[in-house]
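Reader: Before we discuss side chains and pockets, could you put the sequence and the model in front of us?

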Amino acid sequence: MRWSPQIRQLEWLIARPIAHRGLHDSSAGVVENTPSAFAAAIAGNYTIECDIQLTADGEAVVFHDGTLDRLTTEKGAVSRRSLSELQKVEFKGTTDKIQTLGEILDQVGGRVPLVIELKSLWNSDKHLARRALEILAPYRGPHALMSYDPDLMQCVREVSPDTVRGIVADRITNPDYQALPFERRMELRSLSHVAHTRPHFLSYCWNELPFAPIGRFRELGGPVITWTIRTREQAAAALRYSDQVTFEEFRA
């Protein structure tokens with residue numbers, strides 16, 4: 001492993017495998033991004049990756065999907081529900097409730113690192129980044145914010161330059177990207193925005209490596225984590241080109 005000054009400063013980020021949306025197991029009633037998944041990750045001494053997005057009334061809640069459909073007994077966009085409404089929503093297969101960002105911080109309490117992804121609606125709205133920074137300001141545990149959206153990371157850089165920030169990226173092959181303007185898609189693919197977002201780390205799709213922009217970032221001493229690893233064989237392959245893995249469906 002290359003111990004550049006940048007990696008030494010972020011040693012906590014790459015010191016242990018990262019549990020994707022917590023250490024979840026739906027067959028055992030442990031749903032992703034829930035208190036139970038986070039408790040299991042803490043017990044296993046894993047770093048926790050989680051996702052947050054804004055409610056209709058401007059609060060940051062822990063949830064991955066843009067809609068409630070896949071994981072809960074209700075349907076519709078998370079962003080159209082107030083916090084009080086979301087707190088009443090029931091997950092499928094567990095008694096856990098949707099947490100706020102503040103609640104997961106209280107639960108973790110600095111015992112393991114947190115890598116928090118800001119989910120973007122790609123509408124130039126910076127409220128989620130600002131709200132996350134407000135909530136995180138008094139938190140003393142190791143943590144980082146990351147997003148696919150360079151605008152959100154640019155906001156983090158401007159408002160709180162010392163907050164560890166990362167870019168989540170891939171080669172932009174998913175059809176969902178077609179909703180974005182061509183210029184934005186090319187910016188995301190080439191990582192040309194790195195000149196102004198200046199991420200401390202990158203989180204990259206493991207099976208799209210090696211890739212020249214990622215190799216250059218590492219050559220300059222920046223740490224790279226990879227997602228989403230589901231077997232030990234995948235982990236071994238990913239670690240040829242990265243410094244740590246984000247995993248699920250097995251114990252890394």
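Reader: Is Cys155 buried or exposed, and what is its relative accessible area?
Author: This is a predicted model, in which local features need pLDDT of at least 70, side-chain atom pairs count only at pLDDT 80 or more, and totals for chains, interfaces and linings use all residues. Residues are numbered from 1 along each chain as its sequence is written, and side-chain values use heavy atoms, with hydrogens and water left out. Buried means under 20% relative accessible area, exposed over 50% and partly exposed in between, with a 1.4 Å probe and protein chains only. Cys155 is therefore buried, its relative accessible area being 2%.

Reader: Why is Cys155 in no bond with Cys50, and how far away is the sulfur of Cys50?
Author: A disulfide is a pair of cysteine sulfur atoms within 2.5 Å, and the structure holds 0 of them. Cys50, itself buried at a relative accessible area of 0%, holds the closest cysteine sulfur to that of Cys155, but the two are too far apart for a bond because the distance is 18 Å.

Reader: How many aromatic pairs are there, and which pair of Tyr204 is stacked?
Author: Rings of Phe, Tyr and Trp (its six-membered ring) pair if their centres lie within 6.5 Å, with planes under 30 degrees apart counted as stacked, over 60 as edge-to-face and the rest as tilted. By this rule the count comes to 5 aromatic pairs. With 6.0 Å centre to centre and 20 degrees between the planes, the stacked pair is that of Tyr204 and Phe211.

Reader: What is the relative accessibility of Tyr204, and what is the relative accessible area of Phe211?
Author: Tyr204 counts as buried because its relative accessibility is 0%. Phe211 is buried as well, with a relative accessible area of 14%.

Reader: Which residues do ring pairs link into a cluster?
Author: Phe247 and Phe250 form an edge-to-face pair, with 5.8 Å centre to centre and 70 degrees between the planes, and both of these residues are buried. Ring pairs link into one cluster Phe247, Phe250 and Tyr46.

Reader: How do the residues of the lining of the largest pocket divide?
Author: A pocket is, on a 1 Å grid over the protein atoms alone, an open set of points where a 1.4 Å probe fits, with protein on both sides within 12 Å along at least five of seven lines, and lining residues have an atom within 4 Å of a point. Of the 39 residues that line the largest pocket, those closest to its centre are Glu117, Lys119, Ser120, Trp122 and Tyr148. Counting Ala, Val, Leu, Ile, Met, Phe, Trp, Tyr, Cys and Pro as nonpolar, Asp, Glu, Lys and Arg as charged, and the others, Gly among them, as polar, the lining divides into 13 nonpolar, 14 polar and 12 charged.
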